[in-house]
Amino acid sequence: MPVLQIDDGGFRLDGEPFRLLSGGLHYFRVHPAQWVDRLRKARLMGLNTVETYVPWNLHQPRPDAFRLDGALDLPGFLDLAAAEGLHVLLRPGPYICAEWEGGGLPSWLLAEPGIRLRTRDPRFLAAVDDYFARLLAPLQSRLATNGGPVLAVQVENEYGAYGDDTAYLEHLAGSLRRFGVDVPLFTCDQPVDLERGALPGVLATANFGSRSAQHLAALRAHQPDGPLLSTEFWIGWFDRWGGPHVVRDPDQAARELDELLATGASVNFYMFHGGTNFGFTNGANDKHTYRPTVTSYDYDAPLDEAGDPTAKFAAFREIIAKYAPVPAEPVPARAARLALPRVPLTHSAGLLECAPALGDAVESPYPLTMEQLGQDFGFVLYESVLPAAGPALLEIEQVRDRAQVFLDGQPVGVLERESHEHALAFRVPRAGSVLSLLVENQGRVNYGPGIHDRKGLPGAVLLDGAELAGWTSRPLPLTSLEEVPFAAAPRAPIGPAFHRGRFELTEAADTFLHLDGWTKGNAWINGFALGRYWSRGPQRSLYVPAPVLRAGANEIVVLELHAAHRARTVDFREAPDLGPTEE
């Protein structure tokens with residue numbers, strides 16, 4: 001593959017002038033069996049490059065474990081991009097934001113008391129260096145200097161919005177170089193943060209979604225020579241639970257793109273294809289109020305969540321054709337979809353009752369956080385025996401993020417971080433009653449100082465003003481449901497419960513799981529974690545990729561935390577419901 005050069009006049013590829021026409025495509029948000037399809041469509045829209053982040057937290061789930069297999073086969077993804085004739089912009093972090101759990105930083109870092117993330121804290125830098133060593137060795141052959149597709153590698157991510165320690169960025173750049181990255185490096189920041197986030201001697205780039213000429217002028221004022229690149233040209237946005245489904249008019253977005261390309265600048269669409277926050281991988285924001293991100297990362301992108309071209313695909317292709325050759329091949333048609341109404345979920349199991357089969361309880365004087373338990377995602381079940389009967393006031397210093405409260409297995413209330421709720425009054429029926437708190441990690445904060453987001457119950461728990469001591473903390477990561485003791489149930493159990501159904505298909509195809517009448521929880525198909533659902537909206541369906549289905553027998557499991565659908569049925573439909581848009 002050609003090698004990218006940077007000079008005062010712009011980008012060059014093997015000495016010839018070159019413009020990056022790139023789009024965001026995160027391999028970890030797309031089923032690996034669909035990578036080829038998405039990459040092909042990127043080329044057909046007229047792109048010559050794709051960009052991807054690298055989620056450290058998935059690749060290194062524990063300090064002594066590293067994964068580059070299956071859905072995390074980054075070398076394989078890069079090889080497929082090369083086979084499609086596409087270059088790659090690689091953004092390995094260590095911090096990625098991306099509306100991703102913890103901004104991609106592993107949760108085990110937060111098991112270190114007082115650690116300062118994204119700084120020169122020696123504990124953080126040692127972990128970053130180890131991550132880079134493990135990640136970059138298998139990627140050497142994929143660098144453009146060795147004939148691979150990776151043209152350039154990003155240092156950190158929007159660091160200027162977080163800090164201004166140039167020595168920290170210098171350490172990261174030095175570490176990338178030390179572990180073999182010999183292609184150009186670059187940083188990216190919003191225009192107002194360029195001075196804080198740039199690194200001398202490294203290409204600075206800008207992130208924005210409108211007023212291209214103005215923002216590129218700010219970038220040029222900061223960096224008088226060299227290429228102009230918008231590393232994140234925002235053409236859509238993400239959604240949060242309880243908000244509207246955010247969309248952006250295709251024609252207006254295309255006009256903004258035209259304005260950008262008319263300046264001669266290079267571009268990376270954020271996103272070309274958003275994909276899905278499968279499982280428990282969504283992030284959250286906390287600017288004085290905690291706001292978790294939804295499962296869908298559709299992003300109102302040129303390819304929708306299921307990988308089908310949208311109106312933006314055609315509009316952007318038409319604009320790109322004004323500035324660069326676009327393949328003459330036709331725009332791909334929408335993929336086949338399947339519909340299957342009213343699938344019954346006939347077998348159930350109460351979560352509190354089967355919790356011992358899903359995680360081992362740890363005894364301690366006070367509740368342990370998820371990070372102290374060595375847990376990334378899911379739930380923790382905290383339990384304590386109450387000393388006396390009568391009216392009681394429960395006060396929890398920090399709920400991270402949503403606590404369902406039970407007395408002797410009966411629900412008595414919910415406390416939500418998002419609603420700034422910390423106290424709950426109830427009557428204890430007897431001395432020796434068991435207080436249970438099922439606490440959900442709804443997504444670690446991915447932006448700003450809130451990334452130090454320890455989960456569970458990280459503060460004091462008081463009962464009638466006195467700290468309650470004597471707890472068990474039971475991690476429930478729900479990475480496997482094989483031990484759930486399902487049984488035929490004519491009625492749904494009271495409280496949180498798993499519900500299982502089976503259905504037959506003649507052939508697999510993309511579809512959308514609709515959970516009308518259900519309240520809040522998670523869903524799995526054939527053991528594949530689709531993600532969270534919540535009647536709060538806006539999202540009211542979950543994308544089911546065709547590769548997780550099969551001809552013949554299939555299984556669906558729904559964990560409902562509150563009230564199940566009266567008939568305990570779900571629907572598979574051909575179209576998604578991402579919710580109402582802003583007026």
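Helices and strands in these legends are DSSP runs numbered from the N terminus, a helix having at least four residues and a strand at least two. All views show a predicted model.

**Figure 1. The largest pocket and its lining.** The largest pocket holds about 970 Å³ of space. Its lining is made up of 34 residues, and those closest to the centre of the pocket are G279, T479, G527, F528 and A529. Helix α2 (56-59) and the strands β30 (528-534) and β32 (552-560) each contribute at least two lining residues. Strand β32 gives the largest share, namely three residues. Sorted by class, the lining of the largest pocket consists of 21 nonpolar, eight polar and five charged residues.

**Figure 2. The second largest pocket.** This pocket has a volume of about 290 Å³. A set of 17 residues lines the second largest pocket, with C97, E99, W237, F238 and Y447 nearest its centre. The classes represented in this lining are nine nonpolar, four polar and four charged residues.

**Figure 3. The largest cavity.** Rolling a probe the size of a water molecule over the atoms reveals where empty space remains. Four cavities of 30 Å³ or more are present in the structure, and the largest cavity encloses about 50 Å³ of space. The lining of the largest cavity is formed by W237, F238, D239, H245, S296, Y297, D298, Y299 and L578. These lining residues comprise five nonpolar, two polar and two charged. W237 and F238 line the largest cavity, and W237 and F238 are also among the lining residues nearest the centre of the second largest pocket.

**Figure 4. Helix α8 and its surroundings.** Helix α8 spans residues 250-262, 13 residues in total, and its first and last C-alpha atoms are 18 Å apart, close to the 18 Å expected at 1.5 Å a residue. At the N-terminal end, D249 acts as the cap of α8, with a side-chain oxygen 3.2 Å from the backbone nitrogen of D251. Just after the helix, G264 adopts a positive phi of about 90°. The buried residues of α8 are A253, A254, E256, L257, D258, L260 and L261. An α-helix has 3.6 residues a turn, so residues three or four places apart point the same way. The elements against which the buried residues of α8 pack include the strands β4 (21-25), β9 (203-208), β10 (229-234) and β11 (266-273). Two helices, α7 (212-222) and α9 (311-320), also pack against the buried residues of α8.

**Figure 5. E101 in its loop.** E101 belongs to the loop between β6 (87-91) and α4 (122-136). E101 is classed as buried because its relative accessibility is 2%, which is under the 20% cut-off. The side chains of E101 and N441 are joined by a polar contact of 3.0 Å. Neighbours within four places in sequence aside, the contacts of E101 include N57, F280, T281, N282 and G283. D376, F377, N441, G443 and R444 are likewise in contact with E101.

**Figure 6. S175 in helix α5.** S175 lies in helix α5 (residues 166-178). S175 counts as buried because its relative accessible area is 0%, under the 20% limit. Apart from neighbours within four places in sequence, the residues in contact with S175 are D129 and F132. F316 is 141 residues from S175 along the chain, and the C-alpha atoms of S175 and F316 are 37 Å apart.

**Figure 7. Two cis peptide bonds.** One cis peptide bond runs from R400 to D401, with omega near 20°. D401 sits in the loop between β18 (390-396) and β19 (402-407). Another cis bond links G537 to P538, and its omega is near 10°. P538 is placed in the loop between β30 and β31 (541-544).

**Figure 8. Positive phi angles at H288 and N526.** H288, a residue other than glycine, has a positive phi near 80°. H288 is located in the loop between β12 (284-286) and β13 (290-292). H288 is classed as exposed because its relative accessibility is 75%, over the 50% cut-off. N526, also a residue other than glycine, has a positive phi near 50°. N526 is found in the loop between β29 (520-525) and β30. Strand β30 is one of the elements that supply at least two residues to the lining of the largest pocket.

Technical notes:
Residues are numbered from 1 along each chain as its sequence is written. This is a predicted model: local features need pLDDT of at least 70, side-chain atom pairs count only at pLDDT 80 or more; totals for chains, interfaces and linings use all residues. Side-chain values use heavy atoms; hydrogens and water are left out. The expected span of a helix is 1.5 Å times one less than its number of residues. Buried means under 20% relative accessible area, exposed over 50%, partly exposed in between (1.4 Å probe, protein chains only). Contact means heavy atoms within 4.5 Å. A polar contact is a pair of N or O atoms within 3.5 Å; within protein, one must be able to donate a hydrogen and the other to accept it, and residues adjacent in sequence count only if both atoms are side-chain atoms. On a 1 Å grid over the protein atoms alone, a cavity is a set of points where a 1.4 Å probe fits but cannot get out, and a pocket is an open set with protein on both sides within 12 Å along at least five of seven lines; lining residues have an atom within 4 Å of a point. Grid points are joined across faces, edges and corners, and a volume is the space filled by probe spheres set on the points. Ala, Val, Leu, Ile, Met, Phe, Trp, Tyr, Cys and Pro count as nonpolar, Asp, Glu, Lys and Arg as charged, and the others, Gly among them, as polar.
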